[in-house]
Amino acid sequence: MSVFAALRCDVQEGLRQRQEQQEQMVRAVSALASEQLKRFDELKELKQHQEFQDLQEVMEKSSKEAQGQQEKLKEEHRHRAKVLNLKLREAEQQRQRQEELERLRKEEGQERLRRLYSIQEEVLQLNQQIDPNYRHKDLPRIDLSAYSNRGNQICGLVSGLIRTTSERGFPTQVDVANTERALQEMRGLISSMQQEIAAAVEEKRRRDEEEERQKQKELVKKEQMKAQTPAPAQHSGGKQQKEGLQVKAEESTMQWYRQLQDAAEQCVASFSEISNCKDNNEVKKIKTDLQKAATIPVSQISRIAGSQLREIFDKINNLLSGKSVQSGGRTVSVTQHPQGLDFVYYKLAEKFVNQGEEEVASHHDAAFPIAVVASGIWELHPRVGDLFLAHLHKKCPYSVPFYPALKEGTSMEDYQRMLGYQVKDSKIEEQDHFLKRMSGLIRLYAAIIQLRWPYGNKQGAHPHGLNYGWRWLAQMLNMEPLADVTATLLFDFLEVCGNALMKQYQVQFWKMMLLIREDYFPRIEAITSSGQMGSLMRFKQFLETCLQQKEIPLPKGSLQASFWRS
């Protein structure tokens, strides 16, 4: 029993030892497996790391290659851009050179065109000095028709040259030389005409002196015979008849009037292409632009500020001087058409006169700003002044002064128009409206003769100054008065420029005022009906007040020095 037990103990001990060995083996195998697994993981991680590094190297290499390619493309682009910029710069410089050359060519062309217009204007002005119907009262044999024909030929030649060059673009130096030769010929023509007239006058003077000597001899003989013959008895009561006033203007005044009207008609004929442009849209547009540029500034003349008046004056002066001006959002110049300057001269003068019968007739103080601009333009551009007078005389013949006579064959409507009345649909305007328009025109004229543009050249004389007003007043008083008209116009004229005439003529002026009151006013009163006494009474009150105070006040609305600082 004890042996069995001992054996069992040995077996158990052996089993325990084997179990321990097996457990040791299991642990050893497990540890080995764990270590192998670690090595495998490490190997796997190393392989992944190597693959990632290889991939990263490949990517970096690709990136470097792409970056290099990109840099190469950028460099090529920079090179191309540089070449393109160089070409663009060269093209821009070439364009600028071309523009500069074109600008210089245009400036030279415009300068030559202005020269042509200047020559044309001088030629036309010189041609106006030749009157084909000239017949001096003392030189009946003088005939200027040959000079007139040649002068018209030269004017036609110059106008044709300007028209041709305008169609071609700008004139060449040859064109300028040709027109200058024509101008020299015209000057020579005028000189020859003046020499012929002077020679004829000298010859006439010698003949007159000879005739005078003969008359003196005959007079001496008559006196000797009279001394030897008893004088016959004179009849008493031979009262000399007092001469009446004139009903017609003086011949010199009428000659001046006709010259101005002829000049206006010649001016109209000189822009016939612009006038008759119904089928030419381009010329029609130029005509509209020029007319607006000439008339709109005149309509804008007001008493608001002196600076505004100066801007308007400069705009009109620039237009007449051939410079470009802005009108209605468009650039306008008289150089756009060969006949543009004559057209603007005519329309501008017409507009000034229209402002007289419209604006000044309604607002008397408007005469002064309009007159000072008109006077300044007249001084710089004398043709505007001549055309202004022509328009004024046509609308108001009393501004000459001139009372048109009713000629045989003239209709009553036409005669009323000649007298200054407006006739529409065979209906003559009312007398009040007629007198209002005449009043506005005379007031504008009276303002012009005493005003000068303050920024102009004060050294020269006024182009149409107070001496013309004095002459007008003297001639009015030498003509038979007209009911309503004479009293109205004398009052308007003296109220506007009486103060200036008083300062200029002093004692002579007051003698004239006394003559009006004592001699001329009763003549007006004698022909004035009861329904026409308003203008007469107003004139009488004005005369009495001025003579009593020995002073004529400044006209209402005259421009003071402060106005030009506004």
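Reader: Why does Ala263 count as buried or exposed, whichever applies?

Author: In this predicted model, Ala263 has a relative accessibility of 18%. Buried means under 20%, so Ala263 counts as buried. The residue is found in helix H4, which covers residues 251-270. Its C-alpha lies 9.2 Å from that of Arg383, although Ala263 and Arg383 are 120 residues apart in sequence.

Reader: What makes Leu15 count as buried or exposed?

Author: The relative accessibility of Leu15 is 52%. The term exposed requires a value over 50%, and therefore Leu15 counts as exposed. Leu15 lies in helix H1, residues 2-128.

Reader: Which residues make the nonpolar surface patch that includes Leu15?

Author: Leu7, Val11 and Leu15 make this patch, with an area of about 280 Å². Membership requires over 30% relative accessible area; Leu15, at 52%, therefore satisfies that condition.

Reader: How do you know whether Thr488 is buried or exposed?

Author: Thr488 has 6% relative accessibility. The limit for buried is under 20%, so Thr488 counts as buried. Thr488 belongs to helix H14, residues 485-505.

Reader: What makes the pair formed by Asp484 and the side chain of Thr488 a polar contact?

Author: The backbone oxygen of Asp484 is 2.7 Å from a polar atom of the Thr488 side chain. A polar contact calls for N or O atoms within 3.5 Å, so the distance of 2.7 Å meets that cut-off.

Reader: Which residues is Thr488 in contact with, leaving aside neighbours within four places in sequence?

Author: Thr488 is in contact with Leu435, Ser439 and Ser535.

Methods
Residues are numbered from 1 along each chain as its sequence is written. This is a predicted model: local features need pLDDT of at least 70, side-chain atom pairs count only at pLDDT 80 or more; totals for chains, interfaces and linings use all residues. Side-chain values use heavy atoms; hydrogens and water are left out. Patches are made of residues with over 30% relative accessible area and no salt bridge: like charges are joined within 9 Å, nonpolar side chains (Val, Leu, Ile, Met, Phe, Trp, Tyr) within 5 Å. Accessible areas come from the Shrake-Rupley method with a 1.4 Å probe; for residues, only the protein chains shown count as cover. A salt bridge is a side-chain nitrogen of Lys or Arg within 4 Å of a carboxyl oxygen of Asp or Glu. Helices (H or I, at least four residues) and strands (E, at least two) are DSSP runs, numbered from the N terminus. Buried means under 20% relative accessible area, exposed over 50%, partly exposed in between (1.4 Å probe, protein chains only). A polar contact is a pair of N or O atoms within 3.5 Å; within protein, one must be able to donate a hydrogen and the other to accept it, and residues adjacent in sequence count only if both atoms are side-chain atoms. Contact means heavy atoms within 4.5 Å.
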